[in-house]
Structure formats: structure tokens, C-alpha cells
Amino acid sequence: MRLGRAAIGFYLGLAFSAAHAAPAPDLEAFLDYPFKTNLIAPDSGGRLAWIEVRQGRRSLWLAKGGDLVATKIAGTGIDDGMELAEATFSPDGRILAWVRGGGEHNGWAANLPPPNPASAVVQPTQSIWVSIDGAAPIQVADGEEPTLSSTGRLAYLKDGQAWTVALTAGAKPEKLFYDRGKVADLNWSPDGTKLAFVSRRGDHSFVGVYAGPDKPISWIAPSTAFDGDIAWSPDGTRIAFVRREGEADLLASPLVETPNPFSIWVGNVADGTGRQLWASPATLEGSYPMVPDGMFVRWAAGDRIVFRAEMDGWPHLYALAASGGAPRLLTPGNFMVEHVTITPDRRTLIYDANSGPATDDIDRRHLFRVAIDGGAPVALTKGLGVEFTAAAVGNDRIAYVGASPTGPMQVLIAEGKAAPRQLGDAGAPYAPAGMVVPKSVTFTAADGTLIHGQLFAAAGAARKAGLIFVHGGPPRQMLLGWSYMDYYAHSYAMNQYYAAHGYVVLSVNYRLGIGYGRAFQHPARGGIAGNAEYQDVTAGARFLMAQPQVDPARIGIWGGSYGGLLTGHALAHDSAIFKAGVDFHGVHDWSLYPNLIERPERYEQGDYEAAMKSAFESSPESALKGWRSPVLLIAGDDDRNVRFDQTVDLARRLRAQGTPFESLVIPNEIHGFLRYDSWKRADEASIDFLERYLKP
């Protein structure tokens with residue numbers, strides 16, 4: 001074929017433009033975001049600490065002095081997979097303790113040794129470290145969940161028991177006391193002389209108080225119920241706690257939600273007696289809230305107890321007089337109160353919520369304050385960014401983590417009406433070219449449920465491949481910006497990468513997730529009861545296919561954990577729509593999941609068999625014969641959340657029926673990969689896989 005001069009000029013122009021167009025940044029540029037977490041202040045205020053993770057290099061920062069000058073006090077500077085977590089101050093702020101090593105685990109994995117994601121030849125440990133007044137850190141013990149008293153005494157957990165150790169190098173740890181239950185939730189009294197704790201005993205739990213080696217444990221109003229969520233009164237004479245009676249009807253079907261009410265109690269430390277202050281209504285809305293950070297029980301000024309509940313269908317804060325009566329709603333409105341802290345004077349709560357003047361603030365987090373003794377909440381932040389996990393440096397000095405949709409996370413301090421200022425070392429800039437401001441979108445599922453999502457699309461009219469992203473959890477919410485969870489901050493960075501490299505990405509906030517009310521989080525026929533949430537994914541795909549810049553014949557999907565399960569559903573049920581998928585450590589057969597549905601040990605059989613049947617039918621493997629599209633399976637074989645056998649089982653079944661699949665297994669990694677190198681290998685494999693199948 002001969003080309004005319006005009007045609008030759010046209011094609012040469014295209015070639016010249018392509019050769020000189022600014023290329024999108026490589027993967028490492030997008031993964032080089034600084035993640036800030038565990039921002040804390042002591043009860044007295046005045047200091048701050050936080051943990052930063054950047055390319056797998058973890059560091060702990062301490063800010064002190066009038067200007068809150070920040071110094072890095074811990075961190076190896078290498079990607080060794082050794083987590084820094086559980087930072088905590090003594091009440092006066094002089095001592096800072098934290099944990100190095102370890103990782104997430106479900107109950108079935110509780111007795112496993114600490115993970116070894118770097119495949120070190122020496123078994124890693126989970127150790128507790130302390131720094132006193134910013135001095136060089138010292139390792140004091142092996143254990144987890146440290147807590148410091150007002151006298152500077154350290155208590156911590158090891159093998160389900162309470163231990164203590166002097167804060168000097170080489171000191172010998174000692175078990176504080178013996179308890180035949182599994183000890184949890186250590187909580188020192190204000191004067192540091194007593195230690196309250198929860199003793200978990202399988203079908204019930206107690207609140208106990210340890211007062212010294214020469215005194216027996218005191219049990220606070222023991223019963224057949226589950227007691228926990230403890231908070232000391234300021235004078236140390238009483239303990240507030242939450243009581244749940246547990247499941248009463250053994251014949252009740254696990255496929256239908258039943259009310260799980262709770263009550264607020266106060267116990268007398270001197271004699272162990274207790275009394276109920278108030279009980280929630282025996283309705284679904286009156287159930288114990290299954291939301292991040294749980295009940296947030298605190299004993300506030302004015303002899304009031306604050307807690308979180310969902311009695312109006314949304315997670316909100318309430319105040320209850322310690323003498324009893326009806327609780328007062330502090331945060332009315334159709335939004336979710338998530339992370340909460342209390343000011344040093346215990347008169348004000350600072351919280352983040354998906355609320356604000358813009359309609360799409362339902363997919364953000366902004367900060368608010370509310371007085372415990374009454375008055376409307378006051379907005380502290382607003383705009384297109386996200387702000388979360390506040391820490392009260394003083395009654396009027398609030399630190400928090402904030403970020404714009406295309407900028408890095410920062411630790412910021414707000415003082416009065418002055419503009420917030422950044423704390424700590426900004427480090428290398430994070431600004432990969434091609435990042436977009438995600439757009440808030442909504443679409444309707446087949447049953448009429450309104451679903452929210454975030455659309456990542458770069459400018460341009462070319463028809464592009466489309467990607468659906470589905471988060472895990474499922475009690476999670478993807479935002480119009482960075483997440484406060486490291487796993488989903490990574491997901492946000494990858495969605496930005498894909499958008500910058502020729503995809504249009506839709507992140508679907510399907511039902512079962514948080515942020516849209518209790519009814520949305522607890523839908524009928526969700527999960528093992530019928531997989532109702534999958535119709536939200538297909539609704540998202542239809543929405544994405546209708547976008548003018550999307551090629552509807554090139555739609556893919558990716559997600560992790562519960563998002564991996566939904567990726568499996570998409571490929572098994574709708575291979576005609578979803579041409580390829582990447583499944584990170586997903587659940588593929590609910591009936592293989594440990595302890596999901598307990599077989600009754602008594603004569604009452606209930607609906608066990610029906611529940612197991614529904615669990616399998618709500619799993620991707622039940623529709624395996626329809627699975628024709630290729631999939632990339634990615635998992636670590638030391639996963640302590642979703643067992644690795646879920647990936648093993650699916651791989652063998654796909655191979656047996658001839659469905660194309662590839663796999664990347666990372667030895668010794670856990671569910672939320674601990675090493676940057678692990679994420680990078682997984683992301684590189686995902687990019688290559690999707691390019692081959694969606695952008696041939």
C-alpha cells in the first residue's frame with residue numbers, strides 16, 4: 001500500500017507526538033507514598049508520636065516541646081518486614097512504648113509464631129521497646145499490647161497472660177498474675193495501683209481487677225454474659241463496662257440477623273458489685289456496633305460515660321450520666337462517626353466523619369469537635385481532602401493526618417484560627433505525574449439499592465480498558481482520597497497508577513461496607529446468606545461500560561480478600577463481562593472457612609445444614625463451570641486472615657477444568673504483605689497480566 005504525502009505526514013506526526021509525549025511515571029513513583037499511622041498523644045497532651053511507612057521502611061517519630069519538634073527515634077531504614085505498631089504513651093507522656101514484629105491474625109492463627117516475611121534464617125520475635133523522654137530506645141520484653149501506668153509501670157500481654165518488666169535493659173520479665181482465661185484489654189487505674197482487664201473464657205467473659213501480688217483478683221459483677229470495653233472513673237473507684245448477653249436462641253438461623261443488644265454497667269472496685277445504668281433496645285439498631293474502633297467507651301468530665309452506638313441507624317456518639325438515665329445523642333445526622341479521641345480535660349470529643357457541606361463528603365473524612373455537656377458539633381476541616389485519626393495535644397491543639405487527593409499524607413497540627421502546619425520531616429516529595437482527582441459517582445443495583453463509587457479517569461477521548469476495583473473487609477469504605485489503613489492506601493495508589501496508564505477505574509463501595517448506614521452494612525441475604533452484594537459489582541460494571549471513554553469489550557476486575565472473593569464471583573458468573581481478573585488472597589469456598597458456622601454441640605440443630613448449603617452457593621466455586629476468563633491468583637502462604645488453602649483449592653479446581661490461570665505465591669508473607677518488595681512484585685505481576693489480556 002502506498003501512502004500519500006499528507007498521510008505520511010500525519011503518521012509521522014503521530015510518531016513524533018508519541019515519542020515526545022511525557023511518559024507516565026513508573027510503578028515505584030506511585031508506590032513511594034508516605035503512610036502515616038498510629039498518631040497518638042498522652043492523656044495529659046503536650047506530645048505526639050506516629051509511625052511512618054515508606055517503601056517498607058518503618059520509623060517511629062516523637063514530637064515534643066512547645067513547637068512539637070519531631071525526631072525519628074526508631075526504625076532500621078530497611079524493608080525487613082518487621083512491623084512497628086501499638087505505640088502508646090504513659091499518661092504524662094514521658095515514656096513511649098511500642099511493638100516491633102508480628103502481624104495480623106484471626107483466632108485460628110493466634111498461636112502461630114511471629115511472621116517471617118523476609119525469610120530470615122533466625123526466627124523473628126515480637127518485642128516491646130520503650131523510650132524515656134526521647135532517649136535511645138531499649139528492648140525490654142517479648143510480647144504485645146503494652147500499656148503504661150501513671151507511675152511508669154509497664155504491663156503487656158504474652159501468650160494470653162499479663163506480664164510486667166522494669167524499664168531497664170536486661171530486666172527480667174515477670175507474670176503479673178495467673179488467670180485461666182485469655183487475658184485482654186489491659187487498663188491501668190488513674191493512680192497506677194490497679195490493673196483492670198478482660199478475662200475471655202469462651203462462652204462468657206469477666207472484668208477483673210489486679211491490685212497486687214498479695215491480693216486475689218477481684219471480679220466485677222461476674223455473670224454468664226460477655227463483659228468488656230472497660231473505662232476507669234477519674235477517681236479510680238469505679239469501672240464502666242459493656243455487657244452483652246450472647247445468643248439466646250440456638251435454633252436461630254445464622255442466615256438471618258437477630259438483635260444483639262448491649263447494656264452499660266458500672267462496677268464498684270472496692271467490693272466488686274455492679275449495676276446496670278442503661279440497656280439498648282432489643283432491635284437490630286440497638287445491637288452492639290460492629291464498626292471500626294468498636295464502642296469507644298470513655299469516662300468523661302461531669303461524671304458522664306461516652307460511647308458509640310447505632311440506635312438511629314448510624315454510628316454515633318452518646319453521653320450517659322454515671323448515675324443512670326437515658327443517653328443523649330451528641331452527633332446527630334446521616335453520617336458515620338469513625339475515629340474518636342478525647343481532649344485532656346475530658347470535656348470535648350474530636351472525631352472524623354463522612355460529613356461536610358458537599359454531597360460527596362460521604363466519601364471523605366473531615367474532623368469535628370463536640371462538647372460532651374451539649375451543643376452542636378463544630379467542623380474543624382473541610383474541602384476536597386481527607387483528614388482523620390486526630391490526637392489532642394491540648395484542649396485546643398489538635399493534630400491529625402491529612403492529605404489532598406493527589407498529594408502525600410502529612411501529620412498536621414491545628415492551633416486556633418492559624419493555618420495547619422506540617423510536623424516532622426517531609427522527606428522526598430511525592431507527586432507522580434498523572435494522578436487524578438477521583439470523581440464521586442452513584443449507580444443503582446438490580447434490587448434498587450443506591451451504590452457509591454469513585455471513578456479514576458484521566459483526560460482524553462480514546463476508548464480505554466476499564467477496571468473494577470473491589471475492597472476487602474468488608475466493613476471498609478474506599479474514599480475520594482487516601483485511606484487511613486495501609487492496605488487500602490496501597491489500593492488507592494494502584495488505582496491512580498492504572499488511571500495514569502490507560503485504564504478507567506471504578507472503585508465500588510458495595511453493600512456490607514461502612515459509611516452508608518447500618519442497614520447498608522447489614523443487608524438481607526448478604527455474604528453467606530445469598531451474596532446480595534455481588535449485584536453491586538455488576539451494577540458498577542454496567543456503569544463503567546456506559547462511560548464514553550471506556551471500551552465495554554475490555555473490562556477487568558481486581559481486589560483483595562473479600563475483594564478477591566468478589567473478583568472470583570465476577571469471573572465465575574460473568575466471564576462475558578469481565579475479561580480478566582486479579583485475585584489477591586480471596587475467599588473462594590465459604591464452607592471451607594474455619595469457624596464460620598459453628599456446628600451445634602447440643603441436640604438443637606437449627607439451620608446448620610441450610611447455612612452450609614447457602615455458604616457454598618454464595619461462594620465463587622459454586623459457579624466454577626461458568627469461569628472462562630483468565631485470572632491471576634496472588635497470595636502469601638503464611639496468611640493469618642484468609643487461609644492459604646482457599647487459593648490452593650481454587651487453583652487445583654481451575655486447572656482441572658482447563659480455565660486459564662496464573663499464580664504468584666510469596667513464601668512466608670501474611671495477608672497484608674509486610675514487605676514493600678512483596679507488594680511491588682505482586683503489582684508488577686498484576687500490571688503485566690492485565691496488560692496482556694485487556695490491552696493486547
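**Exercise 1.** Does Arg643 count as buried, partly exposed or exposed, and at what relative accessibility?

Solution. The model is predicted: local features need pLDDT of at least 70, side-chain atom pairs count only at pLDDT 80 or more, and totals for chains, interfaces and linings use all residues. Residues are numbered from 1 along each chain as its sequence is written, and side-chain values use heavy atoms, with hydrogens and water left out.

Step 1. Buried means under 20% relative accessible area, exposed over 50%, and partly exposed in between (1.4 Å probe, protein chains only).
Step 2. Arg643 has 28% relative accessibility and counts as partly exposed.
Step 3. Arg643 forms a salt bridge with Asp645, with the closest N and O atoms 2.7 Å apart. Asp645 is partly exposed at 29%.

**Exercise 2.** Find where the salt bridge partners Arg511 and Asp447 lie along the chain.

Solution. Step 1. A salt bridge requires a side-chain nitrogen of Lys or Arg within 4 Å of a carboxyl oxygen of Asp or Glu. The closest N and O atoms of Arg511 and Asp447 are 2.7 Å apart.
Step 2. Arg511 is in the loop between β36 (503-509) and α4 (518-521), and Asp447 is in the loop between β33 (439-444) and β34 (450-456), 64 residues apart; helices (H or I, at least four residues) and strands (E, at least two) are DSSP runs, numbered from the N terminus.
Step 3. Arg511 is buried, with a relative accessible area of 4%, whereas Asp447 is partly exposed at 44%.
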